[in-house]
Each structure stands twice: as structure tokens, then as C-alpha cells.
Amino acid sequence: MSTRVRGILGVMSLRRKLVLSIVLLFILVTIATGVMTVLVTQQTLSDQLDRRVTQTVNRATDDGVRGPGRGEGRAAPGPGIGGDFLYLDMRGGLPDRFVAFTTDNKRIDDSTASIATINALLAANLSDRPSTVNLGDQLGSYRLIRTDRSGGTVISGLPMKPVEDTLNGIVVVTATGAALGILVLAGGAAWLIRASLRPLERVASIAGRVSRTPLASGAVQIPERVAARDTDTRTEVGQVGAALNELLDHVDSSLRARHRSETQLRQFVADASHELRTPLASIRGYAELSRRETDPVPEGISHALTRIDSESERMAHLVEDLLLLARLDAGRELAHEPVDLTMLVIDAVSDAHAAGPEHTWQLDLPEEAVETVGDSARLTQVVVNLLANARTHTPAGTTVVARVRAEGGHAVLTVTDDGPGIPEELLPRIFTRFARGDEARARVAANGTPTPSTGLGLSIVDAVVAAHRGSVDVQSRSGRTVFTVRLPLA
């Protein structure tokens, strides 16, 4: 089977494959049956014709069709010979008597005989066994016997036209019946297969609707089930339907268990983050208070207090980020008000310039303001996190461009830098929580020393943008990294 045929069969539906297979099988069987019928009939008619030829020759000779000489004492053909024969009597190498009948049953004899026809009879390699000779369009094919007798030779036989007409009639009837049978079979097979596959279509429809159900997160239930009429395990389709129902039951219970686990985990993170805020604030307060003491403090103690204050501040930011993510995961409602994205970006870039003067900051803004609808504080956090990501993960001197534009019903914000780029293996999980890059985009402080990253900044960006029914993606290579945020226009 060629690749093209396999490709065509691969895209055909099961119903069409079955109908096509049945019709093709029926055509092959019909052709084989028709050919066998024609061959058997042809052989039977040929045998019958050969017997008639032998009988006709014997009767013609016995009844005195041959006379004593050319033109003398010749009798007419005897009774029972019929009006569709051929008779040639040769005496001394010359035609003495010739009678034949044409395909339209007109008689010709030696007075009007065609010399070419007689020559063809004489040239044919005939014997006492019947042979077929084509004598042209006027006479057609004859089944002939040559009989050698004392004083001459007799060639006689019967035409093949009745046999050919019978065979042609059988071919026409067989072909017509086969054509009608193919039409009836194709229609009946299509109807029967459609009716038989209708339960499978219902099962496939259920599977299709389930496949379109969002199952990624949240409280998810799968109410779809295969109807009882399509779950009879005594049939193949019923077995598929019953198996699909069992699978959906397992998936449904797994989704409920997952949701309970996620809910408990989110509640734990939210409660833990909330409870940690107070002791962290106390630690920072006591550390700051200790550093303000006027009494001399050993240098080691002073350094330890400075580190306690720094790490407690970092932990406080981490707790705040975890609390925000937990609230977003829980579906906490955000503010829904017009937000001027253009002014928001201007303010965020101004703050980023103050925080990272060693970078080059640029704005690319449209002439008219671009507005979206959402929570201004959270959207500010999105822009700040993107700019902070570009500032802290690129070396000094890097150019960062913040661009805002309206495009296709969306407010589009891009943050582009010409830093070293994001490692290729990190790109697929860049927005997951606690994702950290390697030294290529190491987080650095203002004094040039590496600082640890929580890995939550971009995950907050992704969560906040998703809560605003938007999207965020990244493209990065060495010398160019672009974060693109799309939000619905106001």
C-alpha cells in the first residue's frame, strides 16, 4: 500500500472506511462471480455448439448436400440443417458448392461468394475437430470442421454469433445487476453502519466535552457521564462507555482530592504568612532598637545586628509575596477601576531610575494614554517587578526600555533589556514559584555584590496578570530579553 493511500485512509472516518471496505469487497466478489459465470457459460455454449457443428456436418453429408459434380445433380440442403450454416464442397481443388449465411441471416452461395472468404476457409488450418475462424464483418466468426472424403473436401460449420450474443447479454445483465447491487449495498451499508456507530458517536461526544473542561486548578467537577443505554458491557461500544464512566469517576474523585489538598496548602501558606508578619516586625524592631543604643557595642555584635535586620527585611518581603500569591490563588477579588497604564509606567520607571542609576532607562509611550481596567496597586506591582527583574539580573550599563501601546483590543506593556539573556533551560519555568537563574543573569546589589533572589517576583507578575484576564510571556536571547504583558483595554 502506497504512502498516499495510507494517508487518505488515515484521515477517513471509521464510517467511511467501513462503507468503502464493504463496497470494494462486494465489487471484487461480483467481478469474480461474473467472470466465472461468463467463462462457464462460454465453455458450455461452446461445447453445445461443437456438438451441433458435428451433427450438422453429418446430416448435411448424409442428406446429399454434395452432388455428383459441379452444377450437376445437386440436391438442396436437407431438412434439419437450418438456415444459419456454412457449407463448402471442394472437388479437385476447386469449389464445387458454397453456401453461407451472413450475420443478418442473408444467404450467399457460390454464385455470389467472395473469393476472399473461400480463400480464408482454404487457408485456415482446419481439421476434424471444431475450430473458430473469423470470416470478416459480413459473415463473422464460424465454428468449422474440415472433412476429407474421396474425391474432395467438405468444410462446414455454424456461426458463433448466437453464442456471442448470449454471452454479451449475460455480461450486460450481470453488469447492470452488479451496478444496482452496489448502489443498494452502499446505501444500506451506510445506513446500517451509521445506526450501529451512533452510540459510539454519543460516547465520543461525551469524551470531547470532557476534554474541553478546564482541569488545571480550582474546584472542578465532571458532571458528564455516558448514558446507561451506551454502557451495556455485552457490546463493544458499551464496554467503551462503561470504561469511560469508570475513568471519569476516578478523575472526578482525584480532582476533588487535589482541590482539598490545594485548599489546605493555600490556607496554610496564607495563615503562616499572616502569623509570621508580627514576629518578623518585632525582630526588625528589636534589631533597629539595639543598633540605636548609645553604649559601646562590640563590632561583631553590631555586624550581627545589621545582618539580622537585613535578613528579617528580606524575610518580610518573602512573607508578603507568599501572602499575596495565596490570596490570588484563593480567588480574592481585585479592584475593578480604570487604570492609566501610561502614567503607571512613567512613575515605575522614575522609581527604577532612582533605585538603579547605573542602568540606562528609556520610555517608549504613545501620544494618547492607554487605559485598562483592574487593580492599580497590583498592576503597579507587575511593572515594578518587571523593572526590578531587569535591574537586578543585568550588569551595570544595561539599557532597559519600557514600552506601552494599544494593539488589537489589548493594552500591551513590554520591558526590554540588552543584558546577557535568560538561560534557555530556565525559560519554560521562568514564571513558576522560586524559579532562579544561574550566573548568566545573577541578581546583583547596587554595590555590585550578588544578592539572593526569592524567585517569586515573576510568579507574582503571572498571577496578577492572569487575575486581570491577561497574559504574559518572555522571549530571550543573548543581548535581548523581552517581557510582554497583554491586558484588556478599558
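Which helix does Val240 lie in? Val240 belongs to helix 5, which covers residues 236-291. I will come back to that helix. A reminder before going on: this is a predicted model.

First, the overall figures. The protein has 490 residues, and 35% of them count as buried. Its secondary structure consists of nine helices and 13 strands. About 28,200 Å² of the protein is exposed, with carbon and sulfur atoms supplying 56% of that area. Taking contacts with a separation of 6 or more, 62% are between residues 24 or more positions apart.

Now the sheet. Six strands make up an open sheet, in the order 3-2-1-6-5-4, with antiparallel pairing. At the edges are strand 3, residues 107-109, and strand 4, residues 131-134, each of which pairs on one side only. On average, neighbouring strands here are turned by 20° against each other, direction ignored.

At the strand 4 end, four bridges connect strand 4 with strand 5, residues 141-149, and the two run antiparallel. Within that region, Thr132 stands opposite Arg143 of strand 5.

Helix 3, residues 115-123, lies across four of these strands: strand 1 (86-91), strand 2 (94-101), strand 5 and strand 6 (152-159). Relative to strand 1, helix 3 runs at about 75°.

Next, the salt bridges. How many does the structure hold? There are ten salt bridges, and I will go through three pairs.

The first brings us back to Arg143. Its side chain meets that of Asp50 in a salt bridge, at 2.6 Å from N to O. Arg143 is in strand 5 and Asp50 is in helix 2, residues 14-62, so the pair ties together parts 93 residues apart in sequence. Are these two residues buried or exposed? Arg143 is buried, and Asp50 is buried as well.

The second pair is Arg225 and Asp252, whose closest N and O atoms are 3.5 Å apart. Arg225 sits in the loop between helix 4 (161-211) and helix 5, while Asp252 is in helix 5, and the two are 27 residues apart. Arg225 has a relative accessibility of 27% and so counts as partly exposed. Asp252, at 9%, counts as buried, because the cut-off for buried is under 20%.

This pair is also part of a network of salt bridges that links Arg225, Asp249, Asp252 and Arg256. Arg256 is in helix 5 too. With 37% relative accessibility, Arg256 counts as partly exposed. Its C-alpha atom is separated by 7.6 Å from that of Gln221, and these two residues are 35 apart along the chain.

The third pair is Arg403 with Asp364, again a side-chain salt bridge, at 2.6 Å from N to O. Arg403 lies in strand 10, residues 399-407, and Asp364 in strand 8, residues 360-364, so parts 39 residues apart in sequence are tied together. Arg403 is partly exposed at 26% relative accessibility, and Asp364 is partly exposed at 32%.

Last, the surface, and Val240 again. Together with Leu14, Leu18 and Leu200, Val240 forms a nonpolar surface patch, and the accessible area of the four is about 290 Å². Why does Val240 count as partly exposed? Its relative accessible area is 42%, and partly exposed covers the range between under 20% for buried and over 50% for exposed.

That is what I have on this model.

Key
Residues are numbered from 1 along each chain as its sequence is written. This is a predicted model: local features need pLDDT of at least 70, side-chain atom pairs count only at pLDDT 80 or more; totals for chains, interfaces and linings use all residues. Side-chain values use heavy atoms; hydrogens and water are left out. Two strands pair if DSSP finds at least two bridges between them. Axes are lines fitted to C-alpha atoms, for helices over the stretch in contact, and angles run from 0 to 180 degrees between N-to-C directions. Contact means heavy atoms within 4.5 Å. Patches are made of residues with over 30% relative accessible area and no salt bridge: like charges are joined within 9 Å, nonpolar side chains (Val, Leu, Ile, Met, Phe, Trp, Tyr) within 5 Å. Accessible areas come from the Shrake-Rupley method with a 1.4 Å probe; for residues, only the protein chains shown count as cover. Buried means under 20% relative accessible area, exposed over 50%, partly exposed in between (1.4 Å probe, protein chains only).
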